[in-house]
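This report looks at two places in one protein chain, a packed pair of helices and a strand with its partners. Please keep the sequence and the model in view while reading.

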Amino acid sequence: MKPYSSPLDNSPYPSSYYYNSNSIFNTVFSINNSTTTTTTFINSSFETMRRRPRTTLLIFLLAILAFAAYSLLLSRDAVSHWQPDFDFDDLPRKLNAKNHVSVTTDANAKKNHIVNEFQHQHQSRRVSSINFKQSFSTVSVLLPDWEILLLVSPNTPLSSSGEFNCLFQNNIMSPARFSGVLPFTNRTTFKCDMPEPARRRKRLAQPMLVTGRSENENHDQYPAPELLRWNFLVYESFSTEDDVVLFAKGVTHRQGYDLPPKEFNCVFQIGNGIRTAVTSSVQEVFRCHHPDPSILRSNSRIGVSLEIIQKNLVVPSVAYYSPRPKPRPNLKPKQNDSPFALQMVRSKAHLQAHIEAQPKYFLCACTMVYNVAKFLREWVVYHSKIGVENFLLYDNGSDDDFHGIIKELREEGYNISTLLWIWPKTQEAGFSHSILYSKSKGLCTWTVYVDVDEFMYSPSWGNNDGNNGNGSQIEGENENELEVLPSLKSMLPREDGKYYNRGGKIGQVSMMCLEYGPSGQRQHPVQGVTQGYTCRRKVEQRHKSIVLVEAVDKSLWNVIHHFQVNQGEGFRSKQLGPEEGLVNHYKYQAWDEFKNKFRRRVSAYVVDWRQNVNLNSQDRTPGLGFEAVEPKDWTQRFCEVKDERLKMLTREWFGSFTPNGYRMAWQTR
């Protein structure tokens, strides 16, 4: 077992990004008690003057008290109050050097007390000032590239009009951009950039979210908590009927180097802190037991985090615990029911159980998206044609016309669900979450995991004989005529279980990828990627998968759109041959489109292109460095094989001649 690594190890961020390890708060102060500083100073002064004459000491103390009272009177309208979001017990408040929870262990104590760091992390700041129109209760997280994420307390009323700003220390302002509402905690989010002067401070404090502007007001006087860091944070939780799933950043730094579950506890902020054992710890996903429901408070929001036992630390958290979901009620017959009534109840119960056991959609598609409005329509229209019934999109903070396109597609009859998943570089965790979400909602039997620039198909669909076995046959108006529809469903095990007895039950079907290059294009092709990019690399690349939701291993482990199936339940994966199924990956597009990828990589374990490390990684673009500089021969790169199979197939399905020329069904101009 490898020792636990600090979140500072091998970090790409500058040292100022992290907590100041030399700053330890030695003074315990009481929230909402503005006389603490004065009292501490008085005690210190008394200690140094205790041998002086009593009269002099008395005069000095009276002067200090008078000054404190006068200062309090003048500043009562501008003082910043820190109030917890929760109704906590009165616990000691003490931070360690890295803003983690310090867990004190006393052999004589009946319980271990969690220092009230949850209160520090989940507390909300309410500022009363004549210089601000309004301020809001928030918790802030420092993201990569000096971007600040502000999480507004649930059910906080916000005006749709008005100018929102982040107020940093020294009255430095930065515009705040609305970023959406988190679906499970109903928390409105904003983002703002940390101005350069604010980055140079020794201690990076959380900004205020305000409307209007401040004049002649010193923000430094307000006791602001230190910014939470994205590189070490519990950011989401999900409750199933059986357990609680936490998503934590920075605990596992390298793929395949997971600490065993016994190294962790889940910590629920109830009283002095309730711990339950972690049963699974893989990548960013940690599963643990529910707390005893008898100790839960009603109508209270409960913070939840992850304790690293060996380090005696609780990871900072912005996550909240949701109680165990209640199972759906079962219909049970009453003792006095007639035989007919008993039969009806049993029939209804059987029907209900059958309905609950059947997901709403047989085949879904899931992916994580960021600013894909220009590509989304083609991807949805195409995959809907080949059998996808519902699309589950994890929005990674898009700020283009993504939601406008979604609205149009829904109005046209496509089933699309979107979830704001604002956390950066968490693709694997998002896909793990999608399995939990699908199960909880009874959504999908099978789910396709491909990106918006990837298109699944079978080369045999281009055959016209209708006998390739990759089509779904349905009866036409004439019973002697059969219409052959291409479908991904034909690649999956049949419901009669034909493929379930050959080495185990098939829980995942995978196919290899073909990577396409710019194909001479200098801008996004108006007829779509399937029409514009027709030249590819010769070698087949890593596979993408269609996953049986119930077959996914309990750990939820996944990588590159491929899950680990539950072998203990007899499931296995099946690899399709190149003539059975392929994925056209339009990876290297026109330069202006491709360079946008330098903004972010969504995978937690794939190095960003901008970092001058691991230059020989398979995830890097061959022959391209770590700067977004277009090579002179970019338009002709990666063109080893001319391959127009999917282009011709989609032209047949979606193309038509119009008064404005030949157009594809997804064209908007």
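## Two helices and a strand

In this predicted model, helices α6 and α7 are roughly parallel to each other, because an angle under 35 degrees is counted in that way. Helix α6, which covers residues 373-385, packs against helix α7, residues 402-411, at an angle of about 25°, and their axes lie 9 Å apart. The crossing that the two helices α6 and α7 make is a right-handed one. On the side of α6, the contact is made by Ala373, Leu376, Arg377 and Val380, while α7 contributes Phe402, Ile405, Ile406, Glu408 and Leu409. Sorted by character, the residues in this contact of α6 with α7 comprise seven nonpolar and two charged ones, with no polar residue among them.

The second place is a strand. Which residues of strand β12 are buried on its two faces? In β12, which spans residues 208-211, Met208 and Val210 are buried on one side, and Leu209 and Thr211 are buried on the other, so that both faces of the strand are covered.

Strand β12 also pairs with strand β5 in the antiparallel sense, and strand β8 likewise runs antiparallel to β12. The table sets out these two pairings.

| Strand paired with β12 | Residues | Bridges |
|---|---|---|
| β5 | 134-136 | three bridges |
| β8 | 164-167 | four bridges |

Within these pairings, Ser135 stands opposite Val210 of β12, whereas Cys166 has Leu209 of β12 as its bridge partner. Val210 and Leu209 are both buried, and they belong to opposite sides of β12.

Definitions and conventions:
Residues are numbered from 1 along each chain as its sequence is written. This is a predicted model: local features need pLDDT of at least 70, side-chain atom pairs count only at pLDDT 80 or more; totals for chains, interfaces and linings use all residues. Side-chain values use heavy atoms; hydrogens and water are left out. Axes are lines fitted to C-alpha atoms, for helices over the stretch in contact, and angles run from 0 to 180 degrees between N-to-C directions. Angles under 35 degrees count as roughly parallel, over 145 as roughly antiparallel, 65 to 115 as roughly perpendicular and the rest as oblique. A crossing is left-handed if the near helix is turned anticlockwise from the far one by less than a right angle, and right-handed if clockwise. Contact means heavy atoms within 4.5 Å. Ala, Val, Leu, Ile, Met, Phe, Trp, Tyr, Cys and Pro count as nonpolar, Asp, Glu, Lys and Arg as charged, and the others, Gly among them, as polar. Buried means under 20% relative accessible area, exposed over 50%, partly exposed in between (1.4 Å probe, protein chains only). Two strands pair if DSSP finds at least two bridges between them.
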